[in-house]
Amino acid sequence: MRKSLITTAVTAALLLSGCSKEPTDSTSATASALSSTTQSSQANMSDNILLQPSTLQFQAPQFDKIKASDFIPAFTQGMAEQQAEISLITQNSAPATFENTIVALEKSGELLDRVRRAFNNLSGLISDDNFIKIEEEIVPKLTAHSDNMFLDAALFARIETVYKNKAALSGEALRLTEVYFSQFERAGATLSEADKAKMRTLNGELAKLESSFSQNILKSFKEDVIVVQDKAQLAGLSDDDIASLAAAAQGAGKEGYMITLVNTTTQPLLASLENRELRQKIWQASAYRAVDTNGPLNLQIAKLRAQKAQLLGYPNWAAYTLTDQMAKTPEAVYGILDDLAPKALAKAKIEAQAIQAEIIKDGKDFTLEAWDWAFYAEKVRQARFDLDPSLVKPYFEYNTVLNDGLFFAMNKLYGISFKRRDDLPVWHKDVSAFEIFNQDGSPVGLFYLDPYAREGKQGGAWMDELVSQSELKGTKPVVYNALNIPKPSEGQPTLMTFDEVSTLFHEFGHAIHGLFSNVTYPSLAGTATARDFVEFPSQANEDWSIDPHIIANYAKHYQTGEAIPAELLAKVLKSQAFNQGFGTTEYLAAALLDMEWHSISADTEITDGAAFEKQALAKHGLDYAPIAARYKSTYFSHSFGGGYSAGYYAYLWTEVFAADSFSFMATQGGLNRENGDKYREAILSKGNSQDLMQNYIKFTGKQPSTDALLKRRGLL
């Protein structure tokens, strides 16, 4: 997942933040104001590390010197500086041009961008009460700052002038102008003053509610834990798993064994736990978490978004958000989701029959429930493929997978190499930093990897940028990946599941999208693309984890170094198509929930969120008790706390691109530099500087087909 953790409204506003603040023609009064602001900043530089550019390589953040108390003063200073820079643009007496308006806007907000990136990322990586308090205080101010820019009539008038004369522009200049014009128009720049006032109110309320939603989920990870006192109840888990749960309990000051939830409805331990009562307890704790805190917020957020869409002239939030995505319309999204739903559910029901038969074979007489699926599906998998997970994990040791798998694959495809940088400060002792080089020795950028789950860290896995690439600013990319692999007990190796291996490759697909960016303007750089394109490079990168040449290099026993036996590997790879009915159905259920919440009109009254969920799934034929949505509404961060509202469908949409492109590369020799270099040039280097579909067609020679996806998921 490409993730931004601060509220959606604030993140959108701060897309304006660039770097250098060189003013063009301006009045002396406004220049004086900017000078005063800058002098104030300089006077405080020695007290607040955020107020000055980092002295580290590529301006990597100085994590060892950042204090929580730095953020509010730095945010305040950053907003003041950018507002002064905006004034320089609007009060410029010269006619509006691309340089003195669009580029000047792109250069504004150096300090605010630096502070926002530091806070945005650390608040999801090492959050505590300090970060929660800071977010509560700063979100309303940042939202107001956003509105002051997007609803500034004088600023939009200059942007509109450049836009109307765009025939004189080409390339990135044209693209950037179109992006800015669209952003301002969609933010309400053309509204009447009365409606702008309404927009400010809506944005303020939404920013507060979305922030609260995200913070409630963080609190849930800490509070909604399951503590087991009797070790016998953990039958089915490995000794290492049990030791890890004991260490987690001890670290939290609890006695016994502590099970912490991951962010999806189905929990990994359910596949191994023999105790059905404990499985049910874990599943229900997961499925009904944050109901009291986030249940009311689901209703409020959905309603306010619908009102905002109506104010902007759209029938609903989905219609509004999709206009600047590749899908364009809700109808297109519903079309692909509803086309797959019956096929996926039919496959899932066949899987359920096999699972029910396994339950009976096990001597039990109960009917399959959601908390039974993973456990008995694993038994079916083992019987069907003669595959014991405990025999597989020793071949997927974290450091070997990373160095001899992921890094090896990236070298084969792109010629890049990785140098560990232990001299760079990190935000947690488990984080590793790497400098990446091209084959000719030239630097690409910096990459940080944060692999383990811990208290205060957002759930799931994601990528984000600490510094984005830009020729305008002269910056190279600094990016990171965050995973949530359970940390083993002290001294034990990190043995990964194959799903965790896939996630590692997936997130690095986002990372190279940011690292290989080669554009002029930061607003068009790296992963700053449509949501229903940004997951394409990440999903495409997953496929290299199962390339025979790659997997042979990293799937080695952590104790003996012996390569995974060919027969066992064949079983692992063959079993990846297993349970795809379940996986596709739970994903589609979540994607359709997201769309239904955001397809309501402003006058729709919803009083019961759980009832709305049930009705929405029934409408699309997915109200099937043994399979719940991958995310229920109260912990659906993508939809209600992050930037994927009416956009969760993007994972399936982009998987079409990923499967199709991988199939194409297979016809061109698969894993080789020619494929890698062509893909890097056509897709990964372009960011949002060109038409995304045309970039894809340039790479493969045609638009993507769904055939490869259907085959991959076993639905064809």
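A residue counts as buried when its relative accessible area is under 20%. N579 has a relative accessible area of 16%, so N579 is buried. This is a predicted model, and the values that follow are computed from it. N579 sits in the loop between α21 (566-575) and α22. Its backbone stands out as well: phi of N579 is positive, at about 65°, although N579 is not a glycine. For background, most residues other than glycine have a negative phi.

D386 makes a handy partner for N579. Phi of D386 is also a positive value, near 50°, in a residue other than glycine. D386 belongs to the loop between α15 (370-385) and α16 (389-392). The surroundings are another matter: with a relative accessible area of 55%, D386 is exposed, whereas N579 is buried.

Turning to the interior, the largest nonpolar core holds 162 residues, and L337, M410, F508 and Y554 are the ones that touch the most other members. Helix α14 (residues 330-361) gives the most to this core, namely twelve residues. As for L337, residues up to four places away in sequence are set aside here; beyond them, L337 touches L588, A591, L592, M595, Y649 and L652. There is also a second, separate core, made of 35 residues, with L51, A60, I72 and L446 among them.

L337 turns up again where α14 meets α25 (residues 650-667). The axes of α14 and α25 come within 10 Å and cross at roughly 80°, so the two helices are roughly perpendicular to each other. On the α14 side the contact is made by A332, I336, L337 and L340, and on the α25 side by L652, W653 and V656. Sorted by type, the residues of this contact come out as seven nonpolar, no polar and no charged.

The next pair is helix α22 (residues 580-597) with helix α23 (residues 609-619), whose axes come within 9 Å and cross at roughly 115°. Angles of 65 to 115 degrees count as roughly perpendicular, and α22 and α23 are therefore roughly perpendicular to each other. The crossing of α22 past α23 is right-handed. From α22, the residues involved are A589, L593, E596 and W597, and they meet G609, F612, E613, A616, L617 and K619 in α23. This contact is mixed in character, with six nonpolar residues, one polar and three charged.

Just along the chain comes H620, in the loop between α23 and α24. With a relative accessible area of 12%, H620 is buried. Which residues does H620 contact, leaving aside its neighbours within four places in sequence? The partners are Y334, D338, A341, L592 and E596. Of these, E596 is also part of the contact of α22 with α23, and L592 is also touched by L337. H620 can be set against E137 too: the two are 483 residues apart along the chain, and their C-alpha atoms are separated by 41 Å.

A further helix pair is α17 (residues 398-414) and α26 (residues 673-684). Here the axes come within 6 Å and cross at roughly 85°, which makes α17 roughly perpendicular to α26. N411, K412, L413 and Y414 are the α17 residues in this contact, meeting R673, G676, D677, Y679, R680 and L684 in α26. The tally for the contact is four nonpolar, two polar and four charged residues.

Two other positions round out the picture. G642 lies in the loop between α24 (637-640) and α25 (650-667), and at 10% relative accessibility G642 counts as buried. Measuring from C-alpha to C-alpha, G642 and Q458 are 12 Å apart in space, with their positions 184 residues apart in sequence. Q280, by comparison, is a helix residue, in α11 (residues 276-287). Is Q280 buried, exposed or partly exposed? At 28% relative accessibility, Q280 counts as partly exposed. The C-alpha atoms of Q280 and D372 are separated by 8.0 Å, and the two residues are 92 apart along the chain.

Technical notes:
Residues numbered from 1 in each chain as written. Predicted model: local features only at pLDDT ≥ 70, side-chain atom pairs only at ≥ 80, totals over all residues. Heavy atoms only, no water. Core = buried A, V, L, I, M, F, W, Y, C linked by side-chain atoms within 4.5 Å. Buried < 20%, exposed > 50% of the residue type's maximum accessible area, 1.4 Å probe, protein only. Helix = DSSP H or I, 4+ residues; strand = E, 2+ residues; numbered from the N terminus. Contact = heavy atoms within 4.5 Å. Axes fitted to C-alpha atoms, helices over the stretch in contact; angles between N-to-C directions. Parallel < 35°, antiparallel > 145°, perpendicular 65-115°, else oblique. Left-handed = near helix turned anticlockwise from the far one by under 90°. Nonpolar A, V, L, I, M, F, W, Y, C, P; charged D, E, K, R; others polar.
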